[in-house]
Amino acid sequence: MEKIERSYMYLTALSFLILIVCLLTGFYLDIERLKAIGVIYGLMLLTPLFMGGKTEMDRNILLGVAIGLPSLIAISIIASLTSGSLQAMGVLRITEWPEAKAAEHPLTVNIGSLAVTLGVTPALLLSILINIPGPVAEEAFFRIYLINSLTPIMGRWKTLIAQAVAFGVVHWLAYGLEIPAIATAALCGLALGVLYAYTGSETAVSLSHMLYNMMVIMLAGGG
């Protein structure tokens with residue numbers, strides 16, 4: 001039975017709390033995409049629980065992030081240079097923020113006020129918030145659950161390739177990516193899979209993915 005890092009369990013708990021805020025916001029403001037993907041993220045976050053509830057000390061987190069984040073950035077840069085346009089694996093960005101509906105609920109009013117305080121738009125703040133549980137959820141399913149479940153059956157490298165392909169296909173379905181971006185997502189999935197396989201750190205792959213998403217959102221300007 002695979003053990004999970006303690007820090008990852010704390011990260012999962014934080015992700016659930018933020019996801020609840022995002023889901024409530026989605027329902028209050030009737031943002032269909034946020035509602036749908038929020039439910040999917042919630043289910044993904046649950047998948048490691050099927051592996052058992054044992055925890056162990058953290059391992060290789062700083063080393064993992066130091067390798068993982070630059071690897072994702074390098075893949076995106078190479079893909080961009082190769083395709084001639086900016087490429088990144090699919091990142092959820094919220095562009096909707098209906099002002100009238102937002103003024104009706106204390107939660108959305110507070111999010112709007114916080115956005116003003118931080119000097120960003122409410123849509124950008126909501127994009128940042130959903131990209132905390134989002135990467136944790138995707139790593140929970142694609143790396144932690146699939147790799148640990150399929151490796152005894154398929155072997156390490158076949159599993160790493162299979163989960164990377166699945167990661168690319170799901171990003172295509174979710175974001176309607178073109179072929180260069182699908183390839184970028186799959187290669188990023190492979191890099192994260194290799195990172196997890198060799199460091200054993202659930203927290204490292206999650207933080208690498210999360211920081212990458214935050215960089216993409218900030219570079220894109222939110223919406």
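**Exercise 1. Helix H6**

Is helix H6 (residues 122-130) largely enclosed by the rest of the structure or left open, and why?

*Solution.* Keep in mind that this is a predicted model. Start by counting: seven of the nine residues of H6 are buried, so the helix is largely enclosed by the rest of the structure. Next, put names to them: Pro122, Ala123, Leu124, Leu125, Leu126, Ser127 and Ile130. Then look at what lies over these buried residues. The cover includes helix H1 (6-29) and helix H2 (32-46), along with helix H5 (106-118), helix H7 (133-154) and helix H10 (202-220).

**Exercise 2. The overall layout**

Work out which elements the protein chain has and in what order they come.

*Solution.* Begin with the tally: there are 10 helices and two strands. Now walk along from the N terminus, and you'll read β-α-α-β-α-α-α-α-α-α-α-α. For the overall spread, the radius of gyration is 17 Å, close to the 17 Å that the globule rule gives for 223 residues, so the chain is as compact as a globular protein of that length. If you'd like a box around the C-alpha atoms, take one of roughly 55 × 45 × 30 Å along the principal axes.

**Exercise 3. Inside and surface**

Find out how much of the protein chain is buried, and what its surface is made of.

*Solution.* First the inside: 48% of the 223 residues count as buried. Then the contacts: among those with a separation of 6 or more, 82% join residues 24 or more positions apart. Now step outside. The accessible surface is about 10,600 Å², and carbon and sulfur atoms hold 72% of that. Last come the charges: you'll find 11 positive and 13 negative side chains, with the centres of the two sets 9 Å apart.

**Exercise 4. The nonpolar core**

Pick out the residues with the most contacts inside the largest nonpolar core, and follow one of them to its neighbours.

*Solution.* The largest nonpolar core has 50 residues. Those with the most contacts inside it are Leu34, Tyr41, Met89, Leu92, Leu126 and Ile130. Two of these names should ring a bell: Leu126 and Ile130 are also among the buried residues of H6. Let's follow Met89. Setting aside residues up to four places away in sequence, Met89 touches Leu72, Phe167, His171, Thr184, Ala185, Cys188, His209, Tyr212 and Asn213.

Now try Ala88, in the loop between H3 and H4. Ala88 is partly exposed, with a relative accessible area of 23%. Beyond its neighbours within four places in sequence, Ala88 is in contact with Ser76, Ala181, Thr184, Tyr212 and Val216. Thr184 and Tyr212 turn up in the list for Met89 as well.

**Exercise 5. A charged residue in helix H7**

Decide whether Glu138 is buried or exposed, then list what it touches.

*Solution.* Locate Glu138 first: it sits in helix H7. Its relative accessibility is 6%, and buried means under 20%, so Glu138 counts as buried. Now for the company it keeps. Leaving out residues up to four places away in sequence, Glu138 touches Tyr41, Met44, Arg143, Phe167, His171, Tyr175 and His209. Look at Tyr41 in particular: Glu138 and Tyr41 are 97 residues apart in sequence, but 7.3 Å apart in space from C-alpha to C-alpha.

For a contrast, turn to Glu99 in helix H4 (residues 99-102). With a relative accessible area of 58%, Glu99 is exposed. The C-alpha atoms of Glu99 and Val109 are separated by 9.4 Å, with the two residues 10 apart along the chain.

**Exercise 6. Residues in loops**

Which loops hold Asp30 and Asn60, and what phi does each residue have?

*Solution.* Take Asp30 first, in the loop between H1 and H2. Asp30 isn't a glycine, yet it has a positive phi of about 60 degrees. At 35% relative accessibility, Asp30 counts as partly exposed.

Move on to Asn60, in the loop between strand E2 (55-56) and helix H3 (61-83). Here phi is positive too, near 60 degrees. Asn60 counts as partly exposed, at 38% relative accessibility.

Finish with Thr121, in the loop between H5 and H6. Thr121 is partly exposed, with a relative accessible area of 38%. From C-alpha to C-alpha, Thr121 and Val39 are 24 Å apart in space, and they're 82 residues apart in sequence.

How values were computed. Residues numbered from 1 in each chain as written. Predicted model: local features only at pLDDT ≥ 70, side-chain atom pairs only at ≥ 80, totals over all residues. Heavy atoms only, no water. Helix = DSSP H or I, 4+ residues; strand = E, 2+ residues; numbered from the N terminus. Rg over C-alpha atoms; globule rule 2.2 N^0.38 Å. Buried < 20%, exposed > 50% of the residue type's maximum accessible area, 1.4 Å probe, protein only. Contact = heavy atoms within 4.5 Å. Areas by Shrake-Rupley, 256 points an atom, 1.4 Å probe, with all protein chains shown as cover. Lys, Arg positive; Asp, Glu negative; His and termini not counted. Charge placed at Lys NZ, Arg CZ, Asp CG, Glu CD. Core = buried A, V, L, I, M, F, W, Y, C linked by side-chain atoms within 4.5 Å.
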